[in-house]
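Q: Please take a close look at one part of this model, the sheet. Start with how its strands are arranged, then work outwards to what surrounds them.

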Amino acid sequence: MKKKLSLEPASRIKHLPPYLFASIDKMKQKAIEKDTDLIDLSIGDPDIPTPSPIINAMKKAVTKPANHRYPSYEGMFSFREAVSAWYKKRFGAKLDPHTEVLSLIGSKEGIGHIPLAFINPGDTVLVPSPGYPVYSTGTLFAGGKSYIMPLKEENDFLPDFDLIPEKVLSNTKLIFINYPNNPTSATVPINFYKEVVTIALKYNIIVCHDASYTEIYYDKKPLSFMQTPGAKEVGIEFHSLSKTYNMTGWRIGFAVGNRDVLAGLGKVKTNLDSGVFQAIQEAAVAALNLDNGVLSTIRKTYRGRRDILYNGLKKLGVHTIKPKATFYIWAKVPSNFTSMGFVTHLLDKAGVLATPGNGFGDEGEGYIRFALTAPAKRIREAVDRIQRIL
Ligand SMILES: *Cc1c(COP(=O)(O)O)cnc(C)c1O
């Protein structure tokens, strides 16, 4: 008798592109074993702790027996009401908490699942490159085909819809967009969203806007897609407490907008998960009700870090895009390097870890991404070290 199974992964797993971040993790482990004093600017995970009013709300909520039971699938009504009130206050957008708000176990969960609700094998999904990798893996898992929309610096990192063939648009079921953008830090004017609504209506395309970074900004407040006339007719917006409130580990996010699209996503979810721990939802309500002072302090911290790294890299002659939002800096690698080559060089010679741009898709090749998720002192040290090796 055989003592071992011969395991054959499903083709949807085998066809995944190589996960660059896993190899970066290995490089990082090696550096740590060599006792490198590593300055890690590679991951988009805030180093600042969750604000204490949120933690206190969680402490209280976790003692309530009612919160120990299965939560409702669509989220507690109090949470959905708090999201709706927050959208009204922040964006002036009206959302019915009964049908136009859905809780998510982090926005990644919703982004990964939405293609399962609307994509049949062979359907096309428009996906930005560089971009958050989950847009294309979610598409792949549903059997869909990603059509890459390159985000070029000369076009302010906006997709150029005129370049997409008519034939592709007619077969397109869904589009992912994300502003303020990870990894390029680009923001968009309202006219771009208006163009998206027009195209969506013309070709019958569901719009999925990822708005994770609207609260991390340095000049004008970024817009929500939901502020665009007609947005609710064509799509939904994913949002998250992760980046705004330093809550990446808590796993809570939400989607808002078109009720039928949300119902489709909800149908997938009711068959796969059982909602967000209610104590976390209560803590999230406390977060959404925080006064603006907490967020402006967080923004001030990132602004200080951004200025140090942006000015430092610029002085060194590195071509760098000055972020108007997000906690990322997108920089061109020197012309004699690939993205991965430069990341390795920075790690080996300077003990500074960044993310290679091609980890976000082929169009990211030639760039690297720094995350401003380390204290100012360490970022200053990183600039000094980079200066020594360039
Ligand atoms: C971090 C991030 C997310 C996922 O955030 P969650 O923690 O799952 O809410 C989604 N989209 C982008 C662009 C991100 O950077």
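A: The sheet comes first, then a buried loop residue, the ligand and a covered helix.

The model is predicted, so local features need pLDDT of at least 70 and side-chain atom pairs count only at pLDDT 80 or more, while totals for chains, interfaces and linings use all residues. Residues are numbered from 1 along each chain as its sequence is written, and side-chain values use heavy atoms, with hydrogens and water left out.

The sheet is open and has three strands, in the order β9-β12-β11, with antiparallel pairing. The edges are β9 (328–332) and β11 (355–356); each has a single partner strand, so one side of each lacks a neighbour in the sheet. Strands here are DSSP runs of E, at least two residues long, and helices are runs of H or I, at least four long, numbered from the N terminus. Two strands pair if DSSP finds at least two bridges between them.

β9 and β12 pair in the antiparallel sense over five bridges. One link there joins W330 to its bridge partner in β12, R369. On the other flank, β11 pairs with β12 (residues 367–371), also antiparallel, over two bridges. P356 has I368 of β12 as its bridge partner. Helix α12 (residues 292–315) packs on this sheet and touches β9 and β12 (contact: heavy atoms within 4.5 Å); its direction makes about 5° with that of β9. Such angles run from 0 to 180 degrees between N-to-C directions, with axes fitted to C-alpha atoms, for helices over the stretch in contact.

How covered is β12? Five of its five residues are buried, meaning under 20% relative accessible area; exposed is over 50%, and partly exposed lies in between (1.4 Å probe, protein chains only). Both faces are covered: Y367, R369 and A371 lie on one side, I368 and F370 on the other.

Next, a loop residue. I216 sits between β6 (206–210) and α9 (231–234). I216 is buried, at 2% relative accessibility. Its C-alpha atom is 6.1 Å from that of R299, although the two are 83 residues apart along the chain. Beyond neighbours within four places in sequence, I216 contacts K243, T244, Y302, A325, T326 and F327.

K243 leads to the ligand. Of the 15 residues around the ligand, K243 is among those that come nearest, with D210, Y213, S240 and S242; near means a heavy atom within 4 Å. Helix α5 (residues 107–118) gives the most to this shell, with three residues. Three polar pairs stand out (N or O atoms within 3.5 Å). A side-chain N or O atom of S242 lies 2.6 Å from a ligand oxygen. For a backbone N or O atom of K108 the distance is 2.9 Å. For a side-chain N or O atom of K243 it is 3.0 Å. The protein covers 93% of the 390 Å² of accessible area that the ligand has on its own (Shrake-Rupley, 1.4 Å probe).

Last, helix α11 (residues 278–288). Ten of its eleven residues are buried, including Q278, I280, E282 and L288. Its buried residues are covered by elements that include α3 (52–62) and α4 (77–91). P53 belongs to α3. P53 is partly exposed, at 37% relative accessibility. Leaving aside neighbours within four places in sequence, P53 contacts A286 and L290.

Note on methods:
Polar contact = N/O pair within 3.5 Å; in protein donor to acceptor, adjacent residues only side chain to side chain.
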